[in-house]
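Biologist: Let us go through this two-chain model together. Keep the answers short, and end each one on the result.

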Amino acid sequence: MSARRIALDTTVNGRALSLSVEPEALLLDVLRERLGLTGSKRSCDVQVCGACTVLLDGLPVSACSVLAYEARGRRVLTIEGLASDERLHPVQEAFLATAGFQCGFCTPGMIMAVKALLDDSPSATPEEVREHLRGNICRCTGYASILAAVAVAQRALADGAAG
Amino acid sequence: MLPPFEIHQPATAAEAVALRAQFGEAGALYAGGSELLLAMKEGLGGFEHLIDVKTIAGLADLALAPDGRAVTIGAAVTHRTLERSALIRQRLPLLAEMARQVANARVRAVGTLGGNLCFAEPHSDPPTALLVHGARVVLAGAAGARRLPLADFLVGPYESALGPDEILTHVDVPLPPPCAAGAYVKFGMHERPTVGVAVLLVPDERRAAVAEARVAVGCVGPVAARLPALESALAGARLGDLEAGWPQAARAGEALDAVSDLHGSADYKRAMAGVFVGRALALAARRALELT
């Protein structure tokens with residue numbers, strides 16, 4: 001092990017992990033290359049597009065621009081950790097119900113961004129939803145059905161679907 | 001991909017200052033990384049050592065100063081914390097309004113106020129809103145701490161008055177008078193703003209006219225700046241006239257040291273500054289009238 005490596009004890013999708021990483025390792029590379037969690041995508045690489053959105057202690061972050069060691073002692077949630085057993089998360093169900101995706105590349109980031117918003121602010125207004133999703137880009141321009149998915153998810157969660 | 005480097009996590013400002021002196025230009029201060037890491041991905045900087053200031057005790061604190069006349073914001077406080085803090089929302093609502101418009105939710109979750117000010121990216125929101133509050137920065141160095149008005153700290157694009165062996169520890173933001181009303185408005189077609197305008201209006205006793213106006217414009221020139229001539233011209237202006245649209249605002253951009261860049265030509269930015277100064281004044285005036 002290189003002297004430059006840092007111990008990284010973290011929790012990813014509910015699983016406790018003990019890794020060692022180089023200081024410059026980015027969270028996205030550890031997730032995708034070391035852990036095989038390829039749902040989070042690399043696209044713009046500069047915190048603009050949102051395709052790499054994961055939750056760090058519940059807050060949305062750009063995994064492409066967060067050093068992996070920052071996850072020490074914290075909880076990382078990726079799109080792979082959202083469903084429980086065979087049951088999709090209500091936000092995932094809502095994207096299916098409204099066809100809130102076209103090519104699907106932005107979808108994992110969109111869904112994680114929406115989960116972060118609704119965990120924090122379940123009754124966010126349409127304006128607040130649009131403002132929050134300003135940082136997630138869909139190059140297929142499928143925004144209308146994405147916004148429809150958020151509304152469906154809000155109703156499902158309000159009706160008691162387990163989030 | 002990032003080039004290789006070592007991470008250092010000082011526990012105190014004094015340790016960070018010593019690391020700064022030890023590494024010189026091979027070291028860089030690191031907080032949220034929302035600017036630094038992007039620059040390093042482009043191969044800029046050549047830093048071999050990152051000094052993580054988030055481990056310094058007290059740097060993430062946010063509290064009313066002991067004299068009750070200012071809010072002291074630790075350099076490692078995130079934009080998200082500023083956006084949501086009850087203290088900021090109640091006592092410095094203009095700052096909260098600015099913070100919730102910074103970049104996007106992911107940047108706000110990790111990006112820090114101190115990192116933003118030290119990186120000194122000219123297309124940025126916080127300096128503009130802090131200038132109308134008369135904010136001061138607190139810098140720790142080997143010889144002790146020094147305080148500087150923010151206007152003196154902001155030197156130019158990507159350049160601040162931070163010394164090579166100093167770190168920014170806090171930002172002190174004096175509380176405006178309770179009767180003051182403010183607004184922060186911005187405009188841009190890219191991720192970073194083309195123009196940002198902060199306005200703080202202190203009404204007269206009858207709450208009909210402006211006793212004191214503070215106006216700052218950011219992103220248009222090399223650094224965010226107050227507009228003293230416009231501020232003088234606003235003294236005595238009726239709040240109702242400002243709310244309806246103050247014709248002189250359209251010329252506000254003429255006083256600005258505008259630069260042409262990817263966000264627009266200097267002329268375009270001056271024109272937009274006029275438009276958005278007018279809108280910020282109208283919004284602040286409406287808020288001042290609603291407070292009565």
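Modeller: One definition before the counts: two residues are in contact if their C-beta atoms, placed from the backbone, lie within 7 Å. Note too that this is a predicted model.

Biologist: How many residues of domain 1 of chain B are in contact with domain 2 of chain B, and how many does domain 2 supply?
Modeller: The domain assignment of chain B gives domain 1 (6-55), domain 2 (62-174) and domain 3 (181-290). The C-alpha centres of domains 1 and 2 of chain B lie 18 Å apart. By the 7 Å C-beta cut-off, the contact pairs 15 residues of domain 1 of chain B with 20 residues of domain 2 of chain B.

Biologist: Which helix gives the most to the side of domain 1 of chain B that touches domain 2 of chain B?
Modeller: By class, that side of domain 1 of chain B has 8 nonpolar, 4 polar and 3 charged residues. One helix, with residues 13-23, puts in 5 residues, the most of any element. That helix is α1 of chain B.

Biologist: What is the radius of gyration of chain B?
Modeller: The C-alpha atoms of chain B fill a box of roughly 55 × 45 × 30 Å along the principal axes. A compact globule of 292 residues would have a radius of gyration near 19 Å, and chain B agrees with that. The value for chain B is 19 Å.

Biologist: What percentage of the residues of chain B count as buried?
Modeller: The secondary structure of chain B comes to 12 helices and 14 strands. Among its contacts between residues at least 6 apart in sequence, 64% join residues at least 24 apart. Buried takes 20 or more other C-beta atoms within 10 Å. Of the 292 residues of chain B, the buried share is 50%.

Biologist: Which residue in β3(B) does B:Y30 stand opposite?
Modeller: Strand β2 (27-30) of chain B and strand β3 (49-52) of chain B run parallel, joined by 4 bridges. B:Y30 belongs to this pairing, and its partner in β3(B) is B:D52.

Biologist: Is the β-α-β crossover from β2(B) to β3(B) right-handed or left-handed?
Modeller: The chain leaves β2(B), passes through α2(B) and arrives at β3(B). The hand of this crossover is right-handed.

Biologist: Which element supplies the largest share of the side of chain B that touches chain A?
Modeller: 18 residues of chain B are in contact with 24 residues of chain A. On chain B, β1 (6-8), α2 (36-41) and α6 (105-110) each supply at least two residues. The side of chain B divides into 11 nonpolar, 3 polar and 4 charged residues. The largest share, 5 residues, comes from α6(B).

Biologist: Which element gives the largest share of the side of domain 1 of chain A that touches domain 2 of chain A?
Modeller: Chain A is divided into domain 1 (6-75) and domain 2 (90-158), and their C-alpha centres lie 22 Å apart. The contact takes 13 residues from domain 1 of chain A and 11 residues from domain 2 of chain A. β3 (53-56) and β4 (59-62) of chain A each give two or more residues to the domain 1 side. The largest share, 3 residues, comes from β3(A).

Biologist: Which helices are among those that cover the buried residues of α2(A)?
Modeller: The buried residues of helix α2 (90-98) of chain A are A:P90, A:V91, A:Q92, A:A94 and A:F95. Just after α2(A), A:A99 takes a positive phi of about 55 degrees. The cover over the buried residues includes α3 (107-120) and α5 (143-158) of chain A.

Biologist: Is A:D45 buried or partly exposed?
Modeller: A:D45 has a positive phi of about 70 degrees although it is not a glycine. Its place is the loop between α1 (27-34) and β3 of chain A. A:D45 has 19 other C-beta atoms within 10 Å, so it counts as partly exposed.

Biologist: And B:C219, is it buried or exposed?
Modeller: B:C219 is not a glycine, yet it has a positive phi of about 80 degrees. It sits in the loop between β13 (210-218) and β14 (225-226) of chain B. B:C219 has 30 other C-beta atoms within 10 Å, so it is buried.

Technical notes:
Residues numbered from 1 in each chain as written. Chains lettered and ligands numbered in written order. Predicted model: local features only at pLDDT ≥ 70, side-chain atom pairs only at ≥ 80, totals over all residues. Nonpolar A, V, L, I, M, F, W, Y, C, P; charged D, E, K, R; others polar. Pairing = 2+ DSSP bridges. Right-handed = clockwise from strand over helix to strand, strands pointing away. Domains from an automatic or database assignment. Rg over C-alpha atoms; globule rule 2.2 N^0.38 Å. Buried ≥ 20, exposed ≤ 12 C-beta atoms within 10 Å, placed from the backbone.
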